[in-house]
Amino acid sequence: MPSTGEFSTMMRAPVNKIIPFSNVDGPGNRTAVFFQGCPFNCLFCHNPETIRLCQSCGACVESCPAKALSFAADGQLFWDSAACVQCDACIKRCPYDASPRVRWMSVEELLSDIRRSAPYIAGITTSGGECTQYNEFLIELFTEVQKLGKSCLIDSNGSFDFARDPRVLAVCDGVMLDVKAVSPAWSKELLSHPPRLVLKNLDYLLCVGKLQELRTVILPGRDRENEETVRYVAARIGEACPYKIIRYRPYGVRERYQKLLGELETEADYAERYADLARSLGATKAYVI
Amino acid sequence: MSDALNIIQDPTLTYHQQLLALARLGESTDHMLRYSDAYYEAKKRGALCDLNEGAMPYRPRYICPDYELLFRKGCQFLGLEPPKDLLEAVNALEIFYCHVPSITSFPVYLGDLDRLLEPFVLKEDRAYAKKVLGLFLRNIDRVQTDSFVHADIGPEDSVTARLLLELTEEMQLAIPNLTLRYDPEKTGEDFALACVKCMLKTAKPSFANHRMFCKEWGERYAIASCYNGLSIGGGGYTLPRLRLYECALGATSVEDFLSRELPRHIDLQLEYMDKRVKFIVEESSFFKTSFLVTEGFVKRENFTGMFGVVGLAECCNHLLGITDKKKGFGMNEKATALGLRIMDAIEARVAAHEAPYCEAYGHRYRLHAQVGIDSDGMDDSPGTRIPIGVEPTMLEQLEVNEKFHPYFPTGTGDIFKFEETWLKTPDAILAIIQGALENGLRYFSGYLENNDVVRVTGYLVKKSEIEKLRAKKQSLNNVTVFGMGAQDGGHALDRRVQHYDESAGQ
């Protein structure tokens, strides 16, 4: 890490997508940056191509109708963004839940995109994948974005221990946290990870006043698991932040997991029951989306 | 079959629409007002277009009366005293509107309704004022049956403006068109957000860059018709258009276009405007005898001519040999840079021309980015807009717009279509509008994709009314037929939807 103001020019992070104007990634209009790679493997992930990094196996090369994928001299897969027609054939073909359409960007490169949208936005939101995997990168990025007078929010699955390294929180305006499961067995099944660190983060972020928003996905027919998670979360967050009760939607979910979790979306009425429950437990800002 | 018989037998025309069509037909039989052979040749080629303004103009195209004068002094000719309460005020306006001519025969400017009516509204209780204003809006919709009828509100918040927004949302009418004059220092956040919500649900109001218009026109400017900037107490004599794509077809290169074909066509359009303006002022009776002039509701010296352009995108693409629109104007720096060169050239040549009877503007005409007509099809996009169907991201589209909007004091604008989730985040849209206006955008319009009332190219229609015409039934609104044509020929309702594939949260 450079000490003051200068960028470590070597530092780059894999960016899957930048949405210049987003109205669903935090308050106001925001530029949303989606980083590639996630330590969790949630069964209901609806953009599973962001989970792993490209292995340069080449399985996708032949699938590309626009001939936008090839091997570079160093043996790494090369994606020609200008030729790409965004048909998604490559990510459907990928055996690793990865995507070849990733740019390894420097802080400065990302900033030049953010400067363009700066006049129209309240701030930026970093998401993923899981953006906190690139903690050092975020610290540099947020430091610069705050100089533009724009707020910085993190969208996180809670896999990064914010208490152990609080530097990123010091330059970030808040965290939008997913709490998907609280029971160890269910968490292991759903996320392939234990819930301990996520729940520790929930308490820590509440304690330091950096919890911007909390989200729980409600699955169809999983009464016990849904109730357990909502009860736990609602009792803790109270009025501290909005609690989004998200209806499960099968769109984008890997086929094998759709069979497991449901091929239909969660009914609105069913989800409303959990919003009611959350509100009755003190989470007054609970609502269904 | 004769043209007159066609009109008389057309089952989709109301009586009033037949009357107007027959009047236009009658006007077209006299060709005393003549232009040069070169003008007619260019018109035949489609390089120049007179928007069917008619062969013998008997009134200026757009008239923006000073309604404050009506409220201050009354109107002798119409036998109206200055109004003393809200009922008298709206009644005076309703009567007056019926006597304001225009190219469409309907008043294209209804006044700054909030400023005019606020003193009267404040004297009444809110429910009563709302009832009266609701009837007033209903009268406008059923009597001034043409979507180019336009009212303005803002920049400051007022009870009247809030009531008009509430009623606009409740009544879901295509008429009148509505503009908020937006100034970040004068328009409060809460009022602006109420306007955004109303705009999403009803396609109005649009947001006008108040500071930009004030710099060019002073405080007393009107937004009339689609989005025309003009002086209150004045108006616009005429609005012909250069169809830039067709202007470029005879050029052998970019340089040939800029040095020969473009100036030639600009001069032909100026010839048309000069002759027409002189005819309206010197020959027709309007400026000599109309009570609007003799009682001072408009002053001749406050009028100007609107020099229109369309098809800049297609012009640039053609000159650069770009055949794939997706890689052309709006997405291509070279094409955009050429667009700026062309606009600089048009601006300079029009500014060098001494225009007759435009005293208030240094004897000059002012540029206008015309919104297109149904017969343009896909050949010429409106004004300097990026063609429908190949719009880039909203950010990129705004960046291009911001470069071109400053050229057009008599109006330009762009339209953005949003999906439903934006209704929950009006603050996000307001931030976009604020940023864009700050960066030089002149005029912003938006609507939700599933609305019945939609903005076609600059005017409003109801989709349900278009369906009536398709079923060979009549539509009271004269403009519905243009909406149908623009939908069929120009895919004007198929613009890119601002949606967001929600990636976070699950």
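What follows is a chat about reading a few features of this predicted two-chain model.

Colleague: Let's start where the chains meet. How many residues does each chain bring to the contact?

Modeller: Chain A brings 31 residues and chain B brings 23. Between them they bury about 2300 Å², and 56% of that is on carbon and sulfur atoms.

Colleague: And which residues form the salt bridge?

Modeller: Look at A:Arg116 and B:Glu399, whose closest N and O atoms sit 2.5 Å apart. The rule finds one salt bridge across this interface. There are also six residue pairs in polar contact between the two chains.

Colleague: Which elements of chain B give two or more residues to the side touching chain A?

Modeller: Those are α17 (394-404) and α18 (426-438). Sorted by class, that side of chain B has ten nonpolar, seven polar and six charged residues.

Colleague: On to cysteines. How many disulfides are there over all chains?

Modeller: First the idea: a disulfide is a covalent bond between the sulfur atoms of two cysteines. Here the count is zero over all chains.

Colleague: Why is B:Cys247 not bonded to B:Cys315?

Modeller: Because their sulfurs are 7.4 Å apart, too far for a bond, given a cut-off of 2.5 Å. B:Cys315 is the closest cysteine as seen from B:Cys247. Go from B:Cys315 instead, and the nearest cysteine sulfur is that of B:Cys316, 5.2 Å away, with no disulfide for B:Cys315 either.

Colleague: Are those two buried or exposed, B:Cys247 and B:Cys315?

Modeller: B:Cys247 is buried, at 0% relative accessible area. B:Cys315 is buried too, with a relative accessibility of 0%.

Colleague: Now the backbone. Which residues does a cis peptide bond join?

Modeller: Most peptide bonds are trans, and most residues other than glycine have a negative phi. In chain B, a cis bond links B:Gly154 to B:Pro155, with omega about 0°. B:Pro155 lies in the loop between β3 (150-153) and α8 (159-171). Another cis bond links B:Ile175 to B:Pro176, again with omega about 0°. You'll find B:Pro176 in the loop between α8 and β4 (177-182).

Colleague: And where is A:Ser56, with its positive phi?

Modeller: A:Ser56 has phi near 55° and is in the loop between β2 (30-35) and β3 (69-71) of chain A. At 15% relative accessibility, A:Ser56 counts as buried.

Colleague: What about A:Asp97?

Modeller: A:Asp97 has a positive phi of about 55° without being a glycine. Its loop runs between α1 (89-93) and β5 (103-106) of chain A, and A:Asp97 is buried, with 14% relative accessible area.

Key. Residues are numbered from 1 along each chain as its sequence is written. Chains are lettered from A and ligands numbered from 1 in the order in which they are written. This is a predicted model: local features need pLDDT of at least 70, side-chain atom pairs count only at pLDDT 80 or more; totals for chains, interfaces and linings use all residues. Side-chain values use heavy atoms; hydrogens and water are left out. Contact means heavy atoms within 4.5 Å. Buried area is the accessible area (1.4 Å probe) that two parts lose on being put together, summed over both. A salt bridge is a side-chain nitrogen of Lys or Arg within 4 Å of a carboxyl oxygen of Asp or Glu. A polar contact is a pair of N or O atoms within 3.5 Å; within protein, one must be able to donate a hydrogen and the other to accept it, and residues adjacent in sequence count only if both atoms are side-chain atoms. Helices (H or I, at least four residues) and strands (E, at least two) are DSSP runs, numbered from the N terminus. Ala, Val, Leu, Ile, Met, Phe, Trp, Tyr, Cys and Pro count as nonpolar, Asp, Glu, Lys and Arg as charged, and the others, Gly among them, as polar. Buried means under 20% relative accessible area, exposed over 50%, partly exposed in between (1.4 Å probe, protein chains only).
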